[in-house]
Amino acid sequence: MTVVSPGWGWQSGKGGTEVAGGSGHKGITAEKVVDVATQLTRERGLTGWSFRELAKRVGVAPSAVYHHVGDHATVIRQVARRLVAEVELPDAELDWQDWFEQVLMAIRAKAADYPGVAHWFMMHGPTIEEAARIVDAGIATLERAGFGDQAGYAYSLLFNQVVGLVAISQDRRSPNPADGDRAFSSMLPGFRRLAVTSPGLEVLTESVLRPMLSGPDAEEAYFRRALHTTMRGLAAEAGLGS
C-alpha cells in the first residue's frame, strides 16, 4: 500500500482540512475522516476515542484512515486545524481590549464544545497554519495599540490564560481514578473543614468556591473578570490608558 504523507501533495479542503488526491479508497476522503474525528471529539473529547474506533465510525479499516490522513496524532492535529479555522476574527478597527475579548470568548466557546482541544494547544501551541492568522492579527492589534516590543508577551499571556482556564475547567469535569473527583462540589467539604482554623481558606470558600457552585454563569463571570484584570495590568505595564 502506498502511504500519502500528510502535507505532501495535499490540497486545502473545507475548514483548512487537507484532502488527499488519488485516494485509492472509493468514497473515502481525508475531509470525511476529519469530519468524523471532529464529531467524536465533540462526543468524547480529543483523546477519548481510539484510531480503531474512528476507522469503524468511518466504515473503513484503520489502514485506510492512515492512508488518507496519517496516524492518530496527525488526525488529532487535523481536528485542531478544523476547529481553529472556524474561529472568526473580530473587526480590526476595534479597540485592542474589545478585539481580544471577542476572539478569546469565541475560542473559549469553541474549546468548551470540544473537550481536550484546549489542553492540546497548551501542549503544542499555535503550531498550525490556521492559528497563524489569529496570531498575526492579535500581534498587529497590540502593536497598533502601542505595546511595542511587549506585544508578544501580552499576546502570549492573554491566550495562555484563556486556554489554560478552559483546559483546567474541562479536566475538573473528568474524574480520574488516580486522584478521584475533581469537581468544585467535591472540594467544598475539605475547604469547610480547614476554613474553621484558616482565615485564608474561609475567604476562598466564600468568595470563590461557593460562587463557582452556582453554575456555568459563575464560571464565565470569573473568566471575564480574570481577563479584564489581566488586560488592565498589561495596559498599565505598557504605559497605556485603561
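These are my notebook entries on a predicted model of one protein chain.

**Entry 1. Overall make-up**

I started with the secondary structure. The protein chain has 11 helices and two strands. I then read the elements in order along the sequence, and the pattern came out as β-β-α-α-α-α-α-α-α-α-α-α-α.

Next I looked up burial and surface. The chain has 242 residues, and 40% of them count as buried. Its accessible surface is about 13,000 Å², and carbon and sulfur atoms hold 54% of that area. For contacts with a separation of 6 or more, I noted that 64% join residues 24 or more positions apart.

**Entry 2. The nonpolar core**

Which residues have the most contacts inside the largest nonpolar core? I found Leu 54 and Phe 100 in that place, in a core of 57 residues. I also checked which element gives the most to this core, and it is helix H8 (residues 151-172), with nine residues.

I listed the neighbours of Phe 100, leaving out residues up to four places away in sequence. Phe 100 touches Gly 138, Thr 141, Leu 142, Tyr 155, Leu 158, Phe 159 and Met 231.

**Entry 3. Leu 234**

I went on to Leu 234, which sits in helix H11. Is Leu 234 buried or exposed? Its relative accessible area is 4%, so I put Leu 234 down as buried, the cut-off being under 20%.

With the same sequence filter as for Phe 100, I found Leu 234 touching Phe 147, Tyr 153, Ala 154, Leu 157 and Leu 158. Leu 158 is thus on the contact lists of both Phe 100 and Leu 234. For Tyr 153 I also noted the backbone distance: its C-alpha atom is 9.3 Å from that of Leu 234, with the two positions 81 residues apart along the chain.

**Entry 4. Salt bridges**

I searched the whole structure for salt bridges and got 10. I wrote up several of them.

Glu 86 and Lys 110 pair through their side chains, at 2.7 Å from N to O. Glu 86 is in the loop between helix H4 (72-85) and helix H5 (96-113), while Lys 110 is in helix H5, so this salt bridge ties together parts 24 residues apart in sequence. Both ends are partly exposed: Glu 86 has a relative accessible area of 39% and Lys 110 one of 23%.

Glu 101 and Arg 224 form another salt bridge, at 2.5 Å from N to O. This pair links distant parts of the chain, since Glu 101 belongs to helix H5 and Arg 224 to helix H11 (residues 216-237), 123 residues apart. I checked both ends for burial. Glu 101 counts as buried at 18% relative accessibility, whereas Arg 224 counts as partly exposed at 28%.

Where do Arg 210 and Glu 206 lie? Both are in helix H10, four residues apart, which is about one turn of the helix. Their side chains meet in a salt bridge at 2.9 Å from N to O. Arg 210 is partly exposed at 34% relative accessible area, and Glu 206 is partly exposed at 47%.

I also recorded a network of salt bridges that links Arg 81, Glu 129 and Glu 130.

**Entry 5. Thr 74**

I looked up Thr 74 in helix H4. Its relative accessible area is 17%, and under 20% is the limit for buried, so Thr 74 goes into that class. What does the side chain of Thr 74 make a polar contact with? The partner is the side chain of Asp 71, at 2.7 Å.

**Entry 6. A surface patch**

Last, I looked at the nonpolar surface. Leu 204, Val 208 and Tyr 222 form a nonpolar patch there, with about 250 Å² of accessible area together. Leu 204 lies in helix H10 (residues 199-212), the helix that also holds the pair Arg 210 and Glu 206. With a relative accessible area of 42%, Leu 204 is partly exposed. Patch residues need over 30%, so Leu 204 passes that limit.

Definitions and conventions:
Residues are numbered from 1 along each chain as its sequence is written. This is a predicted model: local features need pLDDT of at least 70, side-chain atom pairs count only at pLDDT 80 or more; totals for chains, interfaces and linings use all residues. Side-chain values use heavy atoms; hydrogens and water are left out. Patches are made of residues with over 30% relative accessible area and no salt bridge: like charges are joined within 9 Å, nonpolar side chains (Val, Leu, Ile, Met, Phe, Trp, Tyr) within 5 Å. Accessible areas come from the Shrake-Rupley method with a 1.4 Å probe; for residues, only the protein chains shown count as cover. A salt bridge is a side-chain nitrogen of Lys or Arg within 4 Å of a carboxyl oxygen of Asp or Glu. Buried means under 20% relative accessible area, exposed over 50%, partly exposed in between (1.4 Å probe, protein chains only). A polar contact is a pair of N or O atoms within 3.5 Å; within protein, one must be able to donate a hydrogen and the other to accept it, and residues adjacent in sequence count only if both atoms are side-chain atoms. A nonpolar core is a set of buried Ala, Val, Leu, Ile, Met, Phe, Trp, Tyr and Cys residues joined through side-chain atoms within 4.5 Å. Contact means heavy atoms within 4.5 Å.
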